[in-house]
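Here is a short set of exercises to work through with the model open on your screen. Try each task yourself before reading the solution below it.

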Amino acid sequence: MQSCARHATALVLIAAAPLCLAVEAKTIDFSQPEAGEALPGGAATHHKRINKDVFSQPSANMAFEREMQFKIGNGFFKRLWVSAPASTQAADGLGPLYNARSCQRCHLKDGRGHPPEGDDDNAVSMFLRISIPPQTDEDRRLLAEHRVNNIPDPVYGTQLQDFAIAGHKAEYRLRVRYEPMPVKLADGTVVTLRKPTYSAEDLGYGPLHPQAMLSPRVAPQMLGLGLLEAISDKDILAKADPDDADGDGISGRPNRVWSPSANAPRLGRFGHKAGAPSVDEQSQGAFTGDIGISTPFNPYGWGECTEAQVDCRKAPDGNSPQYDNLEAGKEVMALVTFYARNLAVPARRDAGDPQVLAGKRLFYETGCTGCHTPSYQTRADEAVAPEQRDQHIWPYTDLLLHDMGEGLADGRPEGMANGREWKTPPLWGIGLTPMVNGHNQYLHDGRARGVLEAILWHGGEARAQRDAVAAMPAADREALIRFVESL
């Protein structure tokens, strides 16, 4: 563990930063790595071999007696659920509508999902969210009080599922079409982006609502979630600048979303639009929406079936007294949440390499740290688990919402996020995605094939940084990308 006071001697904090926060830390020395930089997850950072399992290792500072919880949680994360009734009550309750039969099927090797590779490929690690504008005063009240993030489609709910158990129809089939979009950089290099168009075809329950709004989502990587959860609200809100009062062109807004555990609104920090406040609430939402499994916060055995899907709601479920009259009871969810919180961040590679350090300088000078905040000190209070408590971490995110421009806009709000805003994703581990997942497809819908394409899709508040990268000489651009891929 490392104290805030010690780091304050090495970091120059901006004048407006309150107290001793490890946010907006601006280094002035790019000749060598900063103290602690080689351990992006603090003492929880693991040093296991770099291979396909590099995202699936437990926090390195986990006590021996807690390792069994991690392993059992991993078992539930990988569990293949089956439709009810089954010969065992331990794994039945799938669906009736679902996107995948297990958490692992979307979060492949605890890493990143990808779009379907063609018309013959399924969309098992990608789906479309769906909602409609508020229709009534009651809808508007629920949104204003943050009790819901969206108003569901009256037939299809808030998420389209492309699988169903036997005897029931799937809701749709996702089709993606790409249009090539050449972009010429200042040095003459041409990069061809692919502009996606999404459609929901073979609808199983009639037409979508005429005002339906669709948003594509690939499953994000899982590492470091417990550490992100351990960042204090104060440190995140210190970066918010909704009216761009400092005039740097970057605003940053917090999302406020309903917390079932607190029975009150809380700061959102998980999901592509910060639509969930905690790892537990995000996990329970995914169990219900993705697999159709009931949990303490979503106790109905029919998963995401709506009132309009009558037969779907009548299907047998797996709710059992053995599991708190649920399919995934409190103990199961506690183990899965423990597992998700403790998927460790791997140690940095090549942090002291001259090209990486040159790329780091360009990352800072270009202003990328305006959203991708390098480091934080996690909370030190007893409410935080010992593995995540009081750690100096390097996630490169501010967990805030930013207008990313028309090119990335989905036109669908979520809580306080509008149709052009996305949460800044953490960058740790990004360079290991090809090894873990066999692809390098980034952004919320996997349209970018590599870090450079992802940068070139940046617009809105990040347009100036995007343009600066496009204007760089090739050697500088390569150094910048090398730095990002070393995180």
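**Exercise 1. Two serines**

Task: Find the polar partner of the side chain of Ser125, then do the same for the side chain of Ser131.

Solution. Step 1: a polar atom of the Ser125 side chain lies 3.0 Å from the backbone nitrogen of His114. A polar contact is a pair of N or O atoms within 3.5 Å; within protein, one must be able to donate a hydrogen and the other to accept it, and residues adjacent in sequence count only if both atoms are side-chain atoms.

Before going on, a word on what you are looking at: this is a predicted model, in which local features need pLDDT of at least 70, side-chain atom pairs count only at pLDDT 80 or more, and totals for chains, interfaces and linings use all residues. Residues are numbered from 1 along each chain as its sequence is written, and side-chain values use heavy atoms, with hydrogens and water left out.

Step 2: place Ser125 in the fold. Ser125 sits in the loop between helix H3 (103-106) and strand E4 (126-131). Helices (H or I, at least four residues) and strands (E, at least two) are DSSP runs, numbered from the N terminus.

Step 3: look at the surroundings of Ser125. Its relative accessible area is 2%, so Ser125 is buried (buried means under 20% relative accessible area, exposed over 50%, partly exposed in between, with a 1.4 Å probe and protein chains only). Beyond the neighbours within four places in sequence, the contacts of Ser125 include Arg105, Cys106, Gly113 and Arg217; contact means heavy atoms within 4.5 Å.

Step 4: turn to Ser131, which belongs to strand E4. The side chain of Ser131 makes a polar contact with the side chain of Arg412, at 3.0 Å. Ser131 counts as buried because its relative accessibility is 1%. Not counting residues up to four places away in sequence, Ser131 touches several residues, among them Asn150, Asp153, Gln211 and Arg412.

**Exercise 2. A hairpin**

Task: Which way do strands E9 and E10 run, and how many bridges join them?

Solution. Step 1: strand E9 (residues 255-259) and strand E10 (residues 264-268) run antiparallel and are joined by 5 bridges. Two strands pair if DSSP finds at least two bridges between them.

Step 2: follow the register. Asn255 faces Gly268 of E10, and Trp258 stands opposite Pro265 of E10.

Step 3: inspect the turn. The hairpin has 4 residues between its strands, and Asn263 takes a positive phi near 55 degrees.

Step 4: check how covered E9 is. Of the 5 residues in E9, 4 are buried, and the strand is mostly covered.

**Exercise 3. Nonpolar cores**

Task: How many residues does the largest nonpolar core have, and which have the most contacts inside it?

Solution. Step 1: this core has 43 residues, and those with the most contacts inside it are Trp81, Ile231, Phe287, Ala328 and Trp428. A nonpolar core is a set of buried Ala, Val, Leu, Ile, Met, Phe, Trp, Tyr and Cys residues joined through side-chain atoms within 4.5 Å.

Step 2: ask which helices contribute. Helix H2 (67-78), helix H5 (225-229), helix H7 (279-291) and helix H9 (330-341) each supply at least two residues of this core. H9 gives the most, with 7 residues.

Step 3: note that another core, of 36 residues, lies apart from this one and has Trp422, Met472, Ala479 and Leu480 among its members.

Step 4: zoom in on Ala479, which is in helix H14 (residues 474-485). Ala479 is buried, since its relative accessible area is 4%. Ala479 and Ala358 are 121 residues apart along the chain, yet their C-alpha atoms are separated by 6.2 Å. Outside the residues up to four places away in sequence, Ala479 touches Gln355, Ala358, Gly359 and Leu362.

**Exercise 4. The whole chain**

Task: Why does the radius of gyration of the protein chain agree with a compact globule?

Solution. Step 1: for 487 residues a compact globule would have a radius of gyration near 23 Å, and the protein chain has 22 Å, so the two agree. The radius is taken over C-alpha atoms, and the globule rule is 2.2 Å times the number of residues to the power 0.38.

Step 2: add the rest of the picture. The protein chain has 14 helices and 16 strands, and 55% of its 487 residues count as buried. Along the principal axes, its C-alpha atoms fill a box of roughly 65 × 55 × 45 Å.
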